[in-house]
Amino acid sequence: MPSLSELVFDNRFARLGDAFSTQVMPEPIADPRLVIASPSAMALLDLDPSETDSPVFAQLFAGHKLWSSAEPRAMVYSGHQFGQYNPRLGDGRGLLLGEVVNRRGEYWDLHLKGAGETPYSRMGDGRAVLRSSIREFLASEYLHALGIPTSRALCVTGSSTPVWRERQETAAMLLRLAPSHVRFGHFEYFYYTQQHERLRELGEHVLACHFPACRDQAQAYAAFFRQVVERNAELIAYWQAYGFCHGVMNSDNMSILGITFDFGPYAFLDDFDAQHICNHSDDSGRYRFSNQVPIAHWNLGALAQALTPLVPVETLRETLGLFLPLYQAHYLDLMRRRLGLTQADEGDEALVERLLQLMQGSAIDYSRFFRRLGETTADNAVRALREDFVDLAGFDAWAAEYCARVSAEGGSQAERQTRMHAVNPKYLLRNYLAQEAISAAEQGDYGPVRELHAVLSRPFDEQPGFERYAQRPPEWGKHLEISCSS
Ligand code: AMP
Ligand code: MG
């Protein structure tokens, strides 16, 4: 295994030059301490988990030390925020340290979030607080454990550096990993500033580094856009099937790789509520749960606009038209799996829709419902779940149809349970669990956040002794207000 100090860098994005990013050194945070690290994210860089024992680990990820071959850069991008075009965003509080090549030849961007001011900081202080860094860490690693495409989090380092938000907090840094940090907003920036040669350079970089299969096609950029549409259709299907609300689906927070990216005030649904708005600052509900599908489509339209110098408009329009049917097919596939069904049926869409309506009307805990549905035979499970529903006649009608589907498919209950438990997590990252762990960490006790992360890294497995993490949330825990301020 290479040691931490021996990582191999090959900084392809930095070589695009100053039109694409600006060299900036990280500003260290005081008294760095390791809050939490992810062994499985470390493995992506071939790092042994014991590396965290070295004091150098926290120093590197708190901006005190730097690899000699790293080249920290703040990337420039723009984007549509809450529907309005903002001509200049960029890495205001994060730096791309460089690209590490692992033993399998995979490239991983090392992005240090909270690394201090950059030319793109605008009015901000360039910092990230401990609270939001822990939240991003937990969500990245949990989504990964669920099998949902996402950026990864290597570690969070805390500090004694004070930071002002609604109250005084302390600064932290999060080391984020992703194969690429290129967002829809990168393309928008070069399109709207009419730097179409740069737009093409960015396109070439992205094709060469991340979409090599598209590069060989006759219409390489059209093929690239189609990939972005396909990947995002699949991603959003996962979010909807697993009750994940992103909270700030601005086009600068959308990855061209179709991975969950730039976590803010996200939430996993507790009680099913299609209208749930997880971002306290989202007054109009633009990014409410049920709007994530049309918003993703809208954002892809914003990217398509930026690609008009590279791809014929008609092709872009046709490709955009694929999003909804692709999304719907993925979504139904995931929901069938969550329901333990193995065969497609023309009634599936209605079966799923009807269930969600019943859940909505009865404040049913979304995640627990599916886990409990697989715990025993379909007949017994619906009998046990029935009492939570308000519309009993409605639920009975749904349950009869569902049980008929299950028995028509045949198979044993043991198989059904194994299949369902492999896709329906027992443990959910709930806002209140994250909040409890954050409160402890703010007092210097990192035990709870480490335990929560460990449990959530195996969300489908029974973990005796950790039932607390599988319970319904207390009433106060369902109504925590999370804002954009982080
Ligand atoms: P976000 O809401 O984290 O996606 O950030 C939107 C934009 O604001 C990005 O350009 C960020 O880099 C910038 N930004 C957010 N918070 C800060 C901060 N504390 N200091 C500087 N820039 C920030
Ligand atoms: Mg962002």
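**Exercise 1.** In which loop does Asp262 lie, and what does its side chain hold on to?

*Solution.* Keep in mind that this is a predicted model. Start with the place: Asp262 sits in the loop between β11 and β12. Next, look at its side chain. A polar contact of 2.7 Å joins it to the side chain of Arg176, and a polar contact of 3.0 Å links it to the side chain of Arg183. Now widen the view. Leaving aside neighbours within four places in sequence, Asp262 is in contact with Lys113, Arg176, Arg183, His246, Asp252 and Asn253.

**Exercise 2.** Find the protein donors of the magnesium ion (ligand 2), then work out whether each one is buried or exposed.

*Solution.* Step one: pick out the donor atoms. They are OD1 of Asn253 and OD of Asp262, lying 1.9 to 2.1 Å from the ion. Step two: recall the cut-off, since a residue is called buried when its relative accessible area is under 20%. Step three: apply it. Asn253 has 10% relative accessibility, so it counts as buried. Asp262 has a relative accessible area of 14%, so it is buried as well. Step four: check the record. UniProt lists Asn253 and Asp262 for "binding site", in an unreviewed entry.

**Exercise 3.** Place Asn253 in the fold and list what it touches.

*Solution.* First the location: Asn253 lies in the loop between β11 and β12. Then the neighbours: not counting residues up to four places away in sequence, Asn253 touches Arg183, His246, Val248, Phe261 and Asp262. Don't forget the other ligand, either. A polar side-chain atom of Asn253 lies 3.1 Å from an oxygen atom of ligand 1.

**Exercise 4.** Describe how the protein surrounds ligand 1.

*Solution.* Begin with the head count: 15 residues are around ligand 1, and Gly90, Gly92, Arg122, Asp125 and Gly126 come nearest. Now go to the atoms. A polar backbone atom of Gly90 is 2.7 Å from an oxygen atom of the ligand, and a polar backbone atom of Gly92 is 2.7 Å from an oxygen atom of ligand 1 too. Finally, look at the cover: on its own, ligand 1 has 480 Å² of accessible area, and the protein covers 80% of that.

**Exercise 5.** Which residue does UniProt give as "active site", and where is that residue found?

*Solution.* The record, an unreviewed entry, puts this feature at Asp252. Asp252 is found in the loop between β11 (244-245) and β12 (267-268). With 6% relative accessibility, Asp252 counts as buried. To see what is around it, skip the neighbours within four places in sequence: Asp252 is then in contact with Tyr77, Ser78, Gly79, His80, Gln81, Leu89, Arg183, Gly185 and Asp262.

Conventions
Residues numbered from 1 in each chain as written. Chains lettered and ligands numbered in written order. Predicted model: local features only at pLDDT ≥ 70, side-chain atom pairs only at ≥ 80, totals over all residues. Heavy atoms only, no water. Donors = N, O, S within 2.8 Å, 3.2 Å for Na, K, Ca; no water. Buried < 20%, exposed > 50% of the residue type's maximum accessible area, 1.4 Å probe, protein only. UniProt positions renumbered as here; feature names shortened; annotations may be inferred. Helix = DSSP H or I, 4+ residues; strand = E, 2+ residues; numbered from the N terminus. Contact = heavy atoms within 4.5 Å. Near = heavy atom within 4 Å. Polar contact = N/O pair within 3.5 Å; in protein donor to acceptor, adjacent residues only side chain to side chain. Areas by Shrake-Rupley, 256 points an atom, 1.4 Å probe, with all protein chains shown as cover.
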